[in-house]
Amino acid sequence: MPSRITCQVHDEPPVTVVRVAGSLDLTTTRQVHRVLQRCLTAQPDALIVDLAGLRIADPLALSVFAAAARQAAEWPAVPVVLCDPPTETAQRLTETTACRTLPVHRNCAEATRLARRSAAPRMWARLEPVAGACRRARELAAQACERWNLPDLVGPVSLVLTELVGNVVRHAGTPMDVTLTLRPPYLHLAVADRCGTAVRPRTPGSHAEGDAG
């Protein structure tokens, strides 16, 4: 049976646009939520949700957008913006308590422009799984802390990134994306590998120097 809703993802760096079309109810929200979560893991500067083709079968289902926005605000500090809702959908958004604070714009171009303006400061690098990857990550940490005037964090940030990048080099062996996002009072660090293999828990001995993470 074909799905009653579709989610088309368009990567338009530095933002991602998701065009949601079809009937939104408490069942189809699961598919929408999965797609939005997957888009957020790529850490775009902003996530734009185009509602032009959306029909609201159950107003309660609109909370899926509020939930995505809350998650994105915590990590990876990405603004979620809705755009181009049909008249009825726009009315439902204003009537739904959970969605009243979500930014809604007339069209995708306007939403993209404003979302870029409000995006958190970010530095990013794509690294290969080679011996010099940890050194490159430390250089990125130093550059970020200098740019954002955070000299006291150079040491801790370098240590954390060295551990995360080293794990990718040792265990995943894939290219990786390293991202630092300034969201005062926090500095978010993220390292994403390209390995699709499920993580397997290990049971290292008490004297093992690794595999305890």
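**Fold, backbone and cysteines of a predicted single-chain model**

The chain contains 6 helices and 8 strands. The model is a predicted one, and confidence is a good place to begin. The mean pLDDT of the chain is 89, with 96% of the residues at 70 or more. Among the elements, helix α4, covering residues 108-118, has the lowest mean pLDDT, at 83, while α5 has the highest, at 97. As a general caution for anyone inspecting the model by eye, coordinates should not be read in detail where pLDDT is low.

Following the chain from its start, two strands come before a helix, and the pattern in full is β-β-α-β-α-β-α-β-α-β-α-α-β-β. The C-alpha trace spans about 60 × 40 × 25 Å along its principal axes. Of the 213 residues, 40% count as buried. When contacts between residues at least 6 apart in sequence are considered, 65% of them join residues at least 24 apart.

Turning to the surface, the accessible area of the chain comes to about 12100 Å², and carbon and sulfur atoms account for 53% of this area. Charged side chains number 24 positive and 20 negative, and the centres of these two sets lie 2 Å apart.

The backbone offers some details worth a visit in the viewer. Most peptide bonds are trans, and most residues other than glycine have a negative phi. Against that background, the bond from Trp 75 to Pro 76 is cis, with omega near 10 degrees. Pro 76 sits in the loop that runs between α2 (63-74) and β4 (80-83). The loop between α2 and β4 also holds Ala 77, whose phi is positive, near 60 degrees, although this residue is not a glycine. Ala 77 is buried, because its relative accessibility of 7% falls under the 20% cut-off.

A cis bond also links Pro 184 to Pro 185, again with omega near 10 degrees. Here the setting is the loop between β7 (176-183) and β8 (186-193), where Pro 185 is found.

A positive phi, about 55 degrees, occurs at Asn 149 too, another residue that is not a glycine. Asn 149 is placed in the loop between α5 (133-147) and α6 (154-172). Whereas Ala 77 is buried, Asn 149 counts as exposed, with a relative accessibility of 63%.

The cysteines are the last point, and one that may interest a reader planning to look at thiols. A search of the whole structure finds 0 disulfides. Cys 145 takes part in none, and the nearest cysteine sulfur to its own, that of Cys 134, is 17 Å away. Cys 145 is also buried, with a relative accessible area of 2%. For Cys 195, the closest cysteine sulfur is likewise in Cys 134, at 17 Å, so the two are too far apart for a bond; a disulfide would need the sulfur atoms within 2.5 Å. Unlike the buried Cys 145, Cys 195 counts as partly exposed, because its relative accessibility is 33%.

How values were computed
Residues are numbered from 1 along each chain as its sequence is written. This is a predicted model: local features need pLDDT of at least 70, side-chain atom pairs count only at pLDDT 80 or more; totals for chains, interfaces and linings use all residues. Side-chain values use heavy atoms; hydrogens and water are left out. Helices (H or I, at least four residues) and strands (E, at least two) are DSSP runs, numbered from the N terminus. Buried means under 20% relative accessible area, exposed over 50%, partly exposed in between (1.4 Å probe, protein chains only). Contact means heavy atoms within 4.5 Å. Accessible areas come from the Shrake-Rupley method with a 1.4 Å probe; for residues, only the protein chains shown count as cover. Lys and Arg count as positive and Asp and Glu as negative; His and the chain ends are not counted. The place of a charge is taken as NZ of Lys, CZ of Arg, CG of Asp or CD of Glu. pLDDT is the predictor's confidence in each residue, from 0 to 100.
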